[in-house]
Each structure stands twice: as C-alpha cells, then as structure tokens.
Amino acid sequence: MNFGSWRSSIIGRYAFALLTVAVAGGATLLIPNVGSDRPFLLFLFGAVVASGWFGGLGPGWLAVLLATLLIDFFYIPPLYAITGNIEDLPWLVAFAICAAIGNILGTRYRALEDELRQAEERLRAYEARGHRDSHQ
C-alpha cells in the first residue's frame with residue numbers, strides 16, 4: 001500500500017492514529033521523568049497532531065482519547081487503572097484540551113493546505129488556457 005492509498009481508506013486512517021499513539025506511548029515510557037513526576041508528553045502531542053494531519057478529524061479525536069487514556073493508565077495513581085486521582089484531574093484535562101486544540105489546528109491547517117494546492121492547480125490550468133488562447 002502506498003502512502004496516498006491508506007489516506008483514502010477509513011481503516012488505514014484510524015489504524016495510523018492507533019499506531020502513532022502506540023509508538024508515542026512507548027517512546028514516552030522509555031524516557032525517565034527527570035525532576036518531575038509528570039511524563040514528557042511531546043511524543044503524545046505529536047501523535048495527536050500527526051493523526052489529525054494525515055488521518056483527518058475523526059482519527060485525530062481517536063488519538064486524543066487514546067493518548068489521554070494512556071496517560072491516565074500509566075502515569076496517574078493508581079497506576080495501571082483507568083480511575084484517576086482527583087488531584088491529577090486538572091493536569092489530565094489540560095492535556096486533553098491541548099491535544100484537542102492540536103488536533104483541530106492540525107486538521108484545519110491540512111485542509112487549508114489542500115485548498116491552497118487545489119486553487120494553485122486551477123490557476124495554472126486557467127493560465128495555460130489563457131496562454132493557449134492568446135497564441136491562436
């Protein structure tokens with residue numbers, strides 16, 4: 001399967017979101033929490049943005065949900081349970097809000113980029129027709 005074909009497949013886009021969050025979660029678990037009891041979340045933010053960028057809004061939302069659950073499961077006591085500690089809830093909600101904003105902005109930026117590319121193609125086609133017409 002080439003790069004473009006999985007983007008047109010709904011299953012491929014959601015699988016990409018799942019895979020990116022899994023890889024980012026694994027990478028996050030490998031980095032020690034130096035000087036803090038909070039994890040380094042850059043990889044998980046990146047997974048959310050990449051999922052929205054390449055997969056679209058739905059896969060991006062899946063990535064937000066999975067990343068938030070992963071953080072709750074691996075970093076918020078009691079560990080290895082999706083129960084959470086009320087004291088850590090604001091931190092988890094802040095991550096979820098930032099990830100959601102990253103998903104929305106990444107998806108919107110990608111849509112704008114696609115619109116710009118289409119407009120550029122239409123302009124080139126228009127210019128080519130105009131140039132052809134002026135030589136006849």
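In this predicted model, the axes of helix α2 (residues 10-30) and helix α4 (residues 57-75) come within 9 Å of each other and cross at roughly 30 degrees. Because angles under 35 degrees count as roughly parallel, α2 is roughly parallel to α4, and the crossing of the two is right-handed. The protein chain as a whole holds five helices and zero strands, so that its pattern along the sequence reads α-α-α-α-α, and 28% of its 136 residues count as buried.

**Helix α5: a nonpolar patch and a glycine**

- On the surface, Ile86, Leu89, Val93, Ile97, Ile101 and Leu105 form a nonpolar patch, which together offers about 570 Å² of accessible area.
- One of these residues, isoleucine 101, is found in helix α5 (residues 89-134), where isoleucine 101 counts as partly exposed at a relative accessibility of 45%.
- Glycine 102 is also found in helix α5, yet glycine 102 is buried, because its relative accessible area is 17% and the cut-off for buried is under 20%.
- Although glycine 102 and valine 48 lie 54 residues apart along the chain, their C-alpha atoms are separated by 7.1 Å.

**Salt bridges**

- Side chains of opposite charge can pair when their charged atoms come close; with a side-chain nitrogen of Lys or Arg required to lie within 4 Å of a carboxyl oxygen of Asp or Glu, the count comes to five salt bridges.
- Glutamate 115 and arginine 108 meet through their side chains in one salt bridge, at 3.8 Å from N to O; glutamate 115 is partly exposed with a relative accessible area of 43%, and arginine 108 is likewise partly exposed, at 43%.
- Aspartate 114 forms a salt bridge with arginine 110, in which the closest N and O atoms are 3.5 Å apart; because the two residues are four positions apart in helix α5, about one helical turn separates aspartate 114 from arginine 110.
- The partners in that pair are covered to unlike degrees, since aspartate 114 counts as partly exposed at 25% relative accessibility, whereas arginine 110 is buried with a relative accessible area of 10%.
- Aspartate 114 also meets arginine 117 in a salt bridge, at 3.1 Å from N to O, and because these residues are three apart in helix α5, they too are separated by about one helical turn.
- Through salt bridges that share partners, Arg110, Glu113, Asp114 and Arg117 are joined into one network, in which arginine 117 is partly exposed with a relative accessible area of 37%.

How values were computed: Residues are numbered from 1 along each chain as its sequence is written. This is a predicted model: local features need pLDDT of at least 70, side-chain atom pairs count only at pLDDT 80 or more; totals for chains, interfaces and linings use all residues. Side-chain values use heavy atoms; hydrogens and water are left out. Patches are made of residues with over 30% relative accessible area and no salt bridge: like charges are joined within 9 Å, nonpolar side chains (Val, Leu, Ile, Met, Phe, Trp, Tyr) within 5 Å. Accessible areas come from the Shrake-Rupley method with a 1.4 Å probe; for residues, only the protein chains shown count as cover. Buried means under 20% relative accessible area, exposed over 50%, partly exposed in between (1.4 Å probe, protein chains only). Axes are lines fitted to C-alpha atoms, for helices over the stretch in contact, and angles run from 0 to 180 degrees between N-to-C directions. Angles under 35 degrees count as roughly parallel, over 145 as roughly antiparallel, 65 to 115 as roughly perpendicular and the rest as oblique. A crossing is left-handed if the near helix is turned anticlockwise from the far one by less than a right angle, and right-handed if clockwise.
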